[in-house]
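Reader: I should like to study a protein structure step by step. May I put my questions while the model is in view?

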Amino acid sequence: MARYVVIDIGGTNLRSAVFDSTTQELLDIGRGPVENFLNNPGVPPGQLLDKLLQQVLGHIRAHAGRHPIAGVGISFPGPVNEQGEVHSAPTLWGSTLRSVPLGERLQRELDVPVAVMNDISAAAFRYQSWFNEDFGVITISSGIGNKVFAGGRLLLNHQGLGGELGHHKVVEGDNALPCDCGGHGHLGAVASGRGTERLARLWARREPTRFRDSALWRLTNGDAERIDTHAVVSSLQEGDALAGDVLAFGQAHLASCLAMLYNAIGVKRFVLIGGFCMALGERYLTGMQAQLARCDLFGLSETERQAMVRLGQNDDDHSLYGLGAYFLQSPQAGSRAA
Ligand SMILES: [Zn+2]
């Protein structure tokens, strides 16, 4: 038996737990607001990093005081290379702090192996046991992200890049909404939870008659500016036509991107996770299957086409379990894996 501290650093919250390799369960789950640039206004980047490191070390030492620890795994909301160096993390640090040697800084303080990886990479390790073939993980939440697991390893370049499908440009013209990255018409800008919400507002303003007949009208007292993700999800669950068209627009583009991945490199299984996708559950899944049915997927049978997407576990623990699964494979692993 071995136990590992696993920590999921998010843009808003930090969660930590102890993963037991025998029971494969999480113990001692802790959670709190993360030290980020929003709750530390005016703090210089170097100090911001120090505050985060102290927060992470605090969690590790608290767990290590109660359990014998064989390693520490950290998942991070930004690209990470094989040396545990963080490329950037806009949700945590805004546009400041790039190329941060997070793995090295933590390893200096600890006498057990430290592994740092991207959060969707960590999630991919959780789902590796679901498949005996190559697969991808797609997260659909406030943005869209992805990872592909092929030939027993994550497909990433030396900088840890290779999960930014959400920033692929898919739309031109009137529907090319702004993306959080500063671009326009990116997949995340029309198909993420936030993107779907913005697109619903745009279409409600553009089509006032349809809006008036829509569940979105009733849920927002007729104010298109008040359409939020909650209103979109509730309308979809009622079978609303306008909300359904908005979702289908985004899902058609996501399906087209998955079809491109399949046609390009042969990956034909995808796990869908993320808050927006999970809030809709089966409704999200059937919508994706309907859009994939319209895609050209070379050589794929009807059965394979229907099996192309499936929902992941409906919880927030993808990274924590994934880091645990990573240590099951590589018990002595240090700061690598991305
Ligand atoms: Zn973008």
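Reader: How many salt bridges does a search of the whole structure find?
Author: The term salt bridge is used for a side-chain nitrogen of Lys or Arg within 4 Å of a carboxyl oxygen of Asp or Glu. Side chains of opposite charge can pair when their charged atoms come close. By this criterion, the search of the whole structure yields a total of 16.

Reader: What kind of model is this, and how are its residues numbered?
Author: Residues are counted from 1 along each chain as its sequence is written, and side-chain values rest on heavy atoms, with hydrogens and water left out. Local features need pLDDT of at least 70, side-chain atom pairs count only at pLDDT 80 or more, and totals for chains, interfaces and linings use all residues, for the model is predicted.

Reader: Which residue forms a salt bridge with D50?
Author: D50 belongs to helix α1 and its partner to helix α3, 55 residues apart; helices (H or I, at least four residues) and strands (E, at least two) are DSSP runs, numbered from the N terminus. D50 is partly exposed at 36% relative accessible area, where buried means under 20%, exposed over 50% and partly exposed in between (1.4 Å probe, protein chains only). The N to O distance is 2.9 Å, and the partner is R105.

Reader: Is R126 buried or exposed?
Author: R126 forms a salt bridge with D315, their closest N and O atoms being 2.9 Å apart. R126 lies in helix α4 and D315 in the loop between β10 and α14, so the pair ties together parts 189 residues apart in sequence. D315 is partly exposed, at 27%. With a relative accessible area of 13%, R126 is buried.

Reader: What separation in sequence does the pair of R205 and E225 tie together?
Author: The closest N and O atoms of R205 and E225 are 2.8 Å apart, forming a salt bridge. R205 is partly exposed at 46%, and E225 is partly exposed at 47%. Because R205 lies in helix α6 and E225 in the loop between α8 and α9, the pair ties together parts whose separation is 20 residues.

Reader: What is the geometry of the site of the zinc ion?
Author: Donors are N, O and S atoms within 2.8 Å of the metal (3.2 Å for Na, K and Ca), and sites may look incomplete because water is not among the atoms. The protein donors here are H167 (ND1), C179 (SG), C181 (SG) and H186 (ND1), at 2.0 to 2.3 Å from the zinc ion. Four donors count as tetrahedral if all angles lie between 85 and 135 degrees. The angles among the 4 donor atoms are 99 to 123 degrees, so by that criterion the site is tetrahedral.

Reader: How are the donor residues of the zinc ion spaced in sequence?
Author: Two of the donor residues are buried: C179 has a relative accessible area of 11%, and H186 has 12%. Along the sequence, the spacing of the donor residues is H-x11-C-x1-C-x4-H.

Reader: How far does helix α1 reach from its first C-alpha to its last?
Author: Helix α1 covers residues 45–64, which gives 20 residues. Its buried residues include L48, L52 and I60. The expected span of a helix is 1.5 Å times one less than its number of residues. For α1 the expectation is 28 Å, and the reach is close to it, at 28 Å.

Reader: What distance separates the centres of domain 1 and domain 2?
Author: The chain is divided into domain 1 (3–128 + 316–329) and domain 2 (130–311), with bounds that come from an automatic or database domain assignment. Taken over C-alpha atoms, the centres are separated by 28 Å.

Technical notes
Four donors count as tetrahedral if all angles lie between 85 and 135 degrees; four count as square planar and six as octahedral if opposite donors are over 155 degrees apart and all others between 65 and 115; anything else is irregular.
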